[in-house]
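Hi,

Here is the structure I said I'd pass on. Have a look at it first, and my notes follow underneath.

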Amino acid sequence: MLHERIPNLGKLVEPDRVRKEVYTDPEIFELEMERIHERVWIYCGHASQVPKPGDYVTVQIGRQPMVMVRGKDGKVNVLYNRCPHRGAMVCGDQRGNTGEFFRCSYHAWTFEHDGRLRNIPMMESGYAGTRWGRDNPDCGMKRAARVENYRGFVFASLAADGPSLSEFLGRSKIAFDDMCDRSPEGEVEVVPNCFRVIQKSNWKIFLENQLDALHPSVTHQSTGRAAREIELAIEKKTGKAPLSYHMLSAFATVTIEKWDAFQTLNYPYGHCILTGYMGLRPQDPDTLEYERVLAKAYGEKRKEKILTTDIHHVLIYPGLSVQSPLQQLRAVRPLGVDKTLTEIWHFRLKGAPEPIYRRSLAYYNLVNSPSTMINADDLENFWKCQQGLSSEGGDWVSFHRHYGRDIQKGDYLETGPNMGTSEAPMRNQMKAWARFMAAEK
Ligand code: FES
Ligand SMILES: [Fe+2]
């Protein structure tokens, strides 16, 4: 805990290191929710989660329970999930269809899909002469200040001012372009429902791990080695092992030196990209068929451009980690200073052959799901970090790896050659954190 109760935020973050309180102090967590998560653009969900009028999903933005709902006009609205009467949450389920309107289960106030009050039981007699009634906007469900969508991915900002979604995302938009362009129809649709994991660690520890290119060949080595052994045995027997083994064995075969050959690109607002391609273009009949479909839709040249997009991971600060070539994303919902929910979603490429979806599903199950050894090993590290950071064993977290060797290119920063394991993405995230936290309302 900090000794100063109004923390001097300027002292917490240095360009190459960060104070441990940033991960452990509950007051700093509250301030982060106010100044970051409840202000910037946060991913709510994909438009295909609410295809019909009245379809809704509930979602947490910072500390605020929200509901994303499709209106009769086709528009996707994001509302505070709170009844203006006595404050009850209007939707208690994770998802559903609310019908023609929302109806609060407590006293039956009803609301349109855009949050406007529709009716109150016996409103005229009950509320005559009071300031409560249909014309008072406070009698509706409050709307998120801003809602925008990029290629079907819906974001909301709870602050009326600030950059537009397009400006905020900047070059990290490539996450959604890469994902959608891989579909012959240029669109993805969500696979309804996701894995949900609660981690006993601060939300930033998860995000810092996403572009940490040093850890996979250490943390995931045991899983990678075991998978490699089986892969080799199958290859010996049949001549060729399924691609799914490669998804795991890569953790052993891609050594630290090879990870260094990749690169990170670090953008304003804390977004970062890790380049490096997993080799998802084997020459098997399924892949060749997919390539044929894609060439038919886009032409040979554009198809080649799409399939050679060199991205492993895009981190959209402060709450989204996207693996576009495999059509998956993880949304981060902080629940407390040492408690974080991650939602693990995956998508179908519209119009692509089924085996390409099965590939994405295999990666989802083998690498990102709660039941895989990969995710379990990461979670153990996150928990250990939170425990160690809460101790008196030291005050700082080190982000010194390849510090001072980054290359500034206009408004973004690129890691130098053979420095893929640089901690530049963590430094970039904390730089954005410090800027957001310094901006008072
Ligand atoms: S709390 Fe919603 S109608 Fe009373
Ligand atoms: Fe990992």
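To start with a loop: where does N418 lie? N418 is in the loop between β23 (412-414) and α15; helices (H or I, at least four residues) and strands (E, at least two) here are DSSP runs, numbered from the N terminus. Its phi is near 55°, a positive value in a residue other than glycine. At 52% relative accessibility, N418 counts as exposed (over 50% relative accessible area; buried is under 20% and partly exposed in between, with a 1.4 Å probe and protein chains only).

Before you go further, the ground rules. This is a predicted model, where local features need pLDDT of at least 70 and side-chain atom pairs count only at pLDDT 80 or more, while totals for chains, interfaces and linings use all residues. Residues are numbered from 1 along each chain as its sequence is written, chains are lettered from A and ligands numbered from 1 in the order in which they are written, and side-chain values use heavy atoms, with hydrogens and water left out.

Now the metal. The iron ion (ligand 2) is coordinated by H215 (NE2), H220 (NE2) and twice by D378 (OD), at 2.1 to 2.4 Å. Donors are N, O and S atoms within 2.8 Å of the metal (3.2 Å for Na, K and Ca), and water is not among the atoms, so sites may look incomplete. Along the chain the donors follow the spacing H-x4-H-x157-D. The angles among the four donor atoms run from 56 to 145°, and the site is irregular: four donors would count as tetrahedral if all angles lay between 85 and 135 degrees, four as square planar and six as octahedral if opposite donors were over 155 degrees apart and all others between 65 and 115, and anything else is irregular. H215 and H220 are both buried.

On to the packing. The largest nonpolar core (buried Ala, Val, Leu, Ile, Met, Phe, Trp, Tyr and Cys residues joined through side-chain atoms within 4.5 Å) has 93 residues, and Y23, F153, F155, L320, V322, F347 and W433 are those with the most contacts inside it. Helix α15 (residues 424-438) gives the largest share of this core, six residues. Apart from it lies another core, of 16 residues, among them V90, F102, W109 and F111.

α15 deserves a closer look. Eleven of its 15 residues are buried, so α15 is largely enclosed by the rest of the structure; W433, F436 and M437 are among the buried ones.

Then there is α11 (residues 285-298). T287, Y290, E291, L294 and A295 are buried in α11. Seen down the helix axis, these buried residues fall within an arc of 140°, so they line one face (the arc is that of the directions from the helix axis to the C-beta atoms). They pack against α5 (174-181), α12 (300-307), β20 (339-349) and α13 (354-368), with contact meaning heavy atoms within 4.5 Å. The face turned away carries the exposed residues P285, R292 and K296. L288 is also in α11 and is partly exposed, with a relative accessible area of 30%. After α11 comes G299, whose phi is positive, near 90°.

Two more backbone details. The peptide bond from Y317 to P318 is cis, with omega near 5°, and P318 lies in the loop between β17 (313-316) and β18 (320-323). A108 has a positive phi near 65° and sits in the loop between β8 (102-103) and β9 (110-111).

Cheers
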